[in-house]
Each structure stands twice: as C-alpha cells, then as structure tokens.
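Work through the following exercises with the sequence and the model in view, attempting each task before turning to its solution.

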Amino acid sequence: MTNQYLQAFMDDIDRITVVCDTPQVDILEISLSCDVMITLVSQTSTSYTYQTNLPLPLDTPIFAIVNGEKIPVLFRHIARLPLFDDYFYYDGILGYTYTPEQTEFKLWAPGATQVYLLLDDVPYEMINQERGVYTYTFLGNCLHQTYMYGIYRHTDYHEVVDPYTKAVTVNGERGVIVTVPTASKLPLPPVDVPIIYEMHVRDMSSHIDSGIQHKGMFLGLTEHNTHTSHLQKTGIDYMTSLGVTHVQMMPMADYSAQSVDETQPWRSYNWGYDPLHFNVPEGSYSTNPYDPMTRILECQAFIDKCHQEGLRVIMDVVYNHVYHIKEHSFEKIVPFYFFRRDEYGVLTDGTGVGNDFASERKMARKYIVDSVSYWAQTYQIDGFRFDLMGMLDIQTMQDVSRRLKAINPHIIILGEGWDMGTLPTPQKAMQANAHLISDIAFFNDKFRDNVKSFVSGQLGFEGIIFNQILGTAPYTHMKQMVQYVEVHDNYTLWDYLTLHNTSENDTIRLKRHRLATSMVLLTFGIPFLHAGQEFMRTKSGIENSYCSPDIINQMDWDRAFVYQDNIEYVTSLVHFRKEHPFFATTDFDTIKEMVKVIKSDEQIIAYCVKDLFIIHSANFYGKDLYLPHGTYTLLISSESISVRKWIVGSKGITVPPLSTLVLKKER
C-alpha cells in the first residue's frame, strides 16, 4: 500500500477510521503516534474502524502507522459532535484588527497543523494560541495590502480568503486590509406601521430610459431628479414618492463570480443568492470593482441617501448555504464542520443548492451573529431579511435578535420560515415555531396563496383570509405576519393572473390585480410590496428569473408611465395606512375586539374598524351589501381615487365587481 490510497480520520474522541480508495487486503498492523491502544471493531472492503482505550488528544497532531506507513489522522465526523464545539468554541474577535502601528490577525482553524498569513504573498507563520485560533501580529502599517491564509493539515494545503474579511479584490479573489468608516446615521424615528418595498440594485436603474447615469450600481440609487423621456420619475425619487417606509434590498453582499463576473458585469445577471464573502458589498454594483474601497463607500453612500430621504434599509442575507462548497473558505479551513452532513457523512441538501450551512454549531452561529452585527453597526442597516430562515436554528435567530436589538431596538428582522432541511423540527426557525422567536417576522404564505386564489375568482377563501387579517396561530402577534401577494421569486402577480385567467382582457386583470394589492395594504401586520407591483410588473411569464437578462428583470419605467393611475392608487393606500394608527395594533385579542365582521362569504370580505368600513369583492358581477343606514364618505375606491359622499339607504349598497372600497360613516 502507498499513502495515496489511505486516509485516516478521527470520527469521535475514541474512534479512528482508516479509508482506502479501492478495496484492500486486511490491514495487518496499525498503531497510533499517541500512547493509546486500538481495537478493530468493524470493517468493510474499503474502511476499517478502530476503538481506542483512552480519549484521543484534540490539540496535538496524530499519525496512524499502517503497515509501516505514517498516515496523518484528520478531523472528520468528530467536527460535527458537541464535544468539538465544547473544546474549540472561541468567543473572541476573529479577522483582523488594524491600527497604523500594528495589525492583529486571528483565524479559527482547529485541525490545522500549520497556518501562514500571506501578506502581499509574503508568508508569516501564525501561532496556535487557544481553542484552535491561530494568530499573528504584524508590526507596521499594512493598510491596503492583500492577505490570504495558507493552511496545512499535514501535507494537505489550501490558500483561503479570510471569512471575516471586510474587503476583497475584484471577484473576491483576495482579502484586503482596509479601515471601513461607519456610515452616517440620521436619527430616523421608529415606525409603528412599516411598509416594505423589495427591490434589486440593478433592476431599479438598468432600463435604457431610466435617466440614471450609474446604471446597475449603488450610486445610481443616490441620483436625484432622474426620469424617463416621458418625465416618469425613476430611482430614489420614485421610491420616496410611494411613501413606503423600508426598502428591502435583494442580496448586496459579495456573491460568486460564476454568477456575475465583476470585470464584465453586464454579460450576465443574477439576483445574488450565491454568497461568497458575507461581510463585503458586491463589486458588480460599484463603479470600480478593482478598488476594494469603492464598493464599500458607494454601498454606504446609497444607504446614507436612503436615510436622508426617510427610507430605512433592510438587507436580504443568505446564511443558509454557499455557492460552491468545495471552493469555499469555510470548508477548506475546517472540513466537515460548517455544513450539515447525514449519518454517512454525505452533504445534506435541504436548500436545493447542494449544501446547508450548519448554523446550530457554535462557531457557525457566531459567524452569522458577528456578520449581521457588523452590517448593522458599520453600514447602519435597519433590518435583515433571512433567506430560507427555516434552514437555520432557533437559538441562532434568538442570538441574532438579541445582538441586533442591542444595537438598534427598532431594527426589523424577518425571514422565510419554511419547513425545510434536516434539523429536528423543534430546532427550526420556521413558522410553526414562531412563538419561540416572537420578535422575528415571517412571510405569511397562507395569506399570499389564499388572496391570490380569492382575487382570481376561486370560491371558498373568504373565511380563511379573514382569519389571516385578524391574526392567527402559529404567530403570536401581528408584527410577526408579513402580508404579501408578490415577491421576487415565483410569478409576479400580473403573470400569475395571466396564467390563471387566460380568457380575460387586461382591464379585468387590472381590477383583480388592484384588488389583491389593496388587500395587502389594508390588513393588519406588515405589508410587503415587490418593486413594480404597483404598475403590474411582468417578467414575461418567467417564474424564476434569478439569472434571466435585464430585459426581463429591469423595472420597466415605460410600463410605469402607462399605469400611472395605478401607482397613484397604491400611493393613496400607503398614505391612508400611515394616517390610521389602528393598523399598527399588534395584539390579536385587541384586533378581534376592534373589528366587526360585516360579511365573509359570496366572494365578499367586509368588516368595520370603528367608523371605517373596509370592503373587498372578488365577485365578477357586483354584489349587494347591507350597511347601517346613514351618510358615508368614500375614502378609497379601486374604481377611482377621488373622495366623495355616499348616502346609504335601508337597502345598503351595491359593491362594484372586483373592487375595494373604504367608507367612513359620518352619521
């Protein structure tokens, strides 16, 4: 036998496995370099498992001597056991701490036998100080120098980018030493009635007639007085004109160059759910991806501009997986630790992209908490939306919330609480466990699905929707319920209605679309709009446009001009919501006492709150509805945004087909 055919792994504190690439004859002789005795307990044609009589040392390299050949013993399944966390968990600062006089570097790399800091390619041997943390203090000023880590696990060698790096070279190939200024923070008041508007950096400006100079870039969203040739507002002026309180940015942390090459960003498009460096802004959104500071300063400039305009920024974060596990620093630094595997050591795939980040492990959890804290403190992010949050564990999300609320008590945390992956159900940060993380909001897909069915003409959804309007388990209060009908993935609402109501013309489809958006903005909870929903955004029937070209994903400002009346209608709903503080009520019991049901059947959902009557009708022909006799002011009508008096007699009113009405009873 030769070494190339054998590998030895420590799979538990008292267990060694020797693996052969091809079937071998029985191993006749084996011993370990440490003072323990071993006993063969099981074998297959390609593996041999041995029990030791004493615990194996975790902080000293071990070798197996197999038939006279010296084989290094590497960490494998043991890296997934609680005892590994107990032994190696480190609660200090990782990454680099820079001053002009010296810079301290720290890397958590248990199992490494030697680690080098490569500063502008010059190697400096690091010292293993405690709990698997390697350190080196460089004396002198190393600002703007590149750095990598060279990691040996016996003869195995990898060069990696620091997972904690704050800056990178183009396409994230190397870390860079920088000082990141703290973004300015205007004292924006807390929002009792948040209204979220989801957008993509590139989508907002890439249209040829957007009037925005820095198309597809952070700076494009700092430009004022931008408009199309038809004088349609675009960019940040357009967003502020809607009256929304928060803009939710689809991933703007650095993602894989295989999705978008920063040197040629316009050759391809991607939403950005392919994470690479979690603490660095994406370079394709900067004017100069070759300069490590440009993306940082321009990202901060965008956030600062939003704050100046009264807009708060929510960051879409993707901690549930990485793009390419075999090439990622996490896997190269501590193999078998940062990603979930099944009992056979095979990577799990709950995310559907080939790997699941093991948030339940202490150093993985620490990384997520450290990362969001960095963004909140340094970039003054006002909220975080967790992609596939159900893949993460509850304790991680509790720690995230605790740390973020200490930084900003008014910060918003929301996520996709789908039941996914291989974590035990009681540990998942999913909807069914919402009561365990009550200060985190969840996308309410039941509201989404039932409202879409209701407005498209399907029967029997009135009662279900009404329960979602009033608040219902598994949530504990209304601020846990993100109410929406459209988001970046799946069909846009317009495309959904086109697919499901194929025989109808655009006039009817517009009524159905406007009805659904009205229901989002006139319910309790946190309303959520997808950018362009207010002008019937279409992606030409493409359900998942994550890598479709700009012509599919861009904000079509010509379409906004055509549907200007609908934009005005949605804006009126936004302002109406902000003017009526009862929408901020969070307690379910209080809401149920406040709301009186008028009708919840026959494709009508009608209820009153104090002196306001809110009516949604998906009936195609119009429907009579009894209201108390008196004089009403029509405040909102999906038929017209004009306000007018309405006298209601003893027979009530006829609700127009496919419409929303809001009336205020005067007497």
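Buried means under 20% relative accessible area, exposed means over 50%, and partly exposed covers the range in between, computed with a 1.4 Å probe on protein chains only. The model is predicted, so local features are taken at pLDDT of at least 70 and side-chain atom pairs at pLDDT 80 or more, whereas totals for chains, interfaces and linings use all residues. Residues are numbered from 1 along each chain as its sequence is written, and side-chain values use heavy atoms, with hydrogens and water left out.

**Exercise 1.** Determine where Val485 is placed, whether Val485 is buried or exposed, and which residues Val485 touches.

*Solution.* Begin with the chain: Val485 sits in the loop between strand E25 (481–483) and helix H9 (493–500), where helices (H or I, at least four residues) and strands (E, at least two) are DSSP runs numbered from the N terminus. Next, consider accessibility: with a relative accessible area of 1%, Val485 is buried. Then list the contacts, meaning heavy atoms within 4.5 Å: leaving aside residues up to four places away in sequence, Val485 touches Phe447, Arg448, Val451, Lys452, Leu493, Ala516, Val520 and Gln533.

**Exercise 2.** Describe how helix H7 and helix H8 cross, and state how many residues of H7 are buried.

*Solution.* Two packed helices are described by the angle between their axes and the distance between the axes. Here the axes of H7 (residues 445–455) and H8 (residues 462–470) come within 10 Å and cross at roughly 140 degrees; the axes are lines fitted to C-alpha atoms, for helices over the stretch in contact, and angles run from 0 to 180 degrees between N-to-C directions. That angle makes H7 oblique to H8, since angles under 35 degrees count as roughly parallel, over 145 as roughly antiparallel, 65 to 115 as roughly perpendicular, and the rest as oblique. The contact is made by Lys446, Phe447, Asn450, Val451 and Phe454 of H7 together with Glu462, Ile464, Ile465, Gln468 and Ile469 of H8. For burial, nine of the eleven residues of H7 are buried, so this helix is largely enclosed by the rest of the structure; among them are Phe447, Arg448, Val451 and Lys452, which Val485 also touches. Just after H7, Gly457 takes a positive phi of about 105 degrees.

**Exercise 3.** Locate the partners of the salt bridges Glu262 with Arg295, Asp399 with Arg402 and Lys623 with Glu602, and describe their accessibility where it is available.

*Solution.* A salt bridge is a side-chain nitrogen of Lys or Arg within 4 Å of a carboxyl oxygen of Asp or Glu, and the structure holds 27 of them. In the pair of Glu262 and Arg295, the closest N and O atoms are 2.8 Å apart. This pair links distant parts of the chain, with Glu262 in the loop between strand E19 (253–255) and strand E20 (275–281) and Arg295, 33 residues apart from it, in helix H3 (residues 292–308). Glu262 is buried at 2% relative accessible area, and Arg295 is buried at 0%.

For Asp399 and Arg402, the closest N and O atoms are 2.7 Å apart; both residues lie in helix H6 (residues 394–407), three residues apart, about one turn of the helix. Arg402 counts as exposed at 54% relative accessibility.

Finally, Lys623 and Glu602 meet at 3.5 Å, N to O. Lys623 lies in strand E30 (residues 623–625) and Glu602 in the loop between strand E27 (595–601) and strand E28 (604–609), so the pair ties together parts that are 21 residues apart in sequence. Lys623 is partly exposed at 23%, and Glu602 is partly exposed at 43%.
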